[in-house]
Amino acid sequence: MKNEKIKVGKPVKIENRIFYPLVKIFHWKHNHVESYSLSPVAMIVVEGDMKYILPMDECEDLEKLEPLMNMV
């Protein structure tokens, strides 16, 4: 079994900005072996009424991340 999810992490407030990390959680399970990995995907920044996203190199399709910004 292989499973991937993108989740919004806990926010960090620095001065007048709030940063929300987006991470990809990968879960792999086979017979008696199980593995997890966590990879950074992007950072959502909220500054007043503005929201913007800073993608990491691993992000292939930014359009998939836009709905996650609405969660913030």
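In which strand does K24 lie? Let's work through that and a few more exercises together.

This is a predicted model, in which local features need pLDDT of at least 70 and side-chain atom pairs count only at pLDDT 80 or more, while totals for chains, interfaces and linings use all residues. Residues are numbered from 1 along each chain as its sequence is written, and side-chain values use heavy atoms, with hydrogens and water left out.

**Exercise 1. Place K24 and examine its charge.**

Step 1: K24 lies in strand 3, residues 17–30. Strands are DSSP runs of E with at least two residues, helices are runs of H or I with at least four, and both are numbered from the N terminus.

Step 2: K24 is buried, where buried means under 20% relative accessible area, exposed over 50% and partly exposed in between, using a 1.4 Å probe and protein chains only.

Step 3: Look for a partner of opposite charge (Lys and Arg count as positive, Asp and Glu as negative; His and the chain ends are not counted). The nearest such side chain, E4, is 4.4 Å away, and K24 has no salt bridge. A salt bridge needs a side-chain nitrogen of Lys or Arg within 4 Å of a carboxyl oxygen of Asp or Glu.

**Exercise 2. Decide whether H27 is buried or exposed, and find its polar contact.**

Step 1: H27 is also placed in strand 3.

Step 2: H27 counts as buried because its relative accessibility is 12%.

Step 3: The side chains of H27 and Y36 are joined by a polar contact of 3.4 Å. Such a contact is a pair of N or O atoms within 3.5 Å; within protein, one must be able to donate a hydrogen and the other to accept it, and residues adjacent in sequence count only if both atoms are side-chain atoms.

**Exercise 3. Describe the setting of P11.**

Step 1: P11 sits in the loop between strand 1 (2–8) and strand 2 (12–14).

Step 2: With a relative accessible area of 46%, P11 is partly exposed.

Step 3: Leaving aside neighbours within four places in sequence, P11 is in contact (heavy atoms within 4.5 Å) with I18, F19 and Y20.

**Exercise 4. List the residues of the largest nonpolar core.**

Step 1: The six residues are Y20, L22, V41, A42, I44 and V46.

Step 2: Strand 4 (33–47) and strand 3 each supply at least two of them, and strand 4 gives the most, with four.

Step 3: A nonpolar core is a set of buried Ala, Val, Leu, Ile, Met, Phe, Trp, Tyr and Cys residues joined through side-chain atoms within 4.5 Å.
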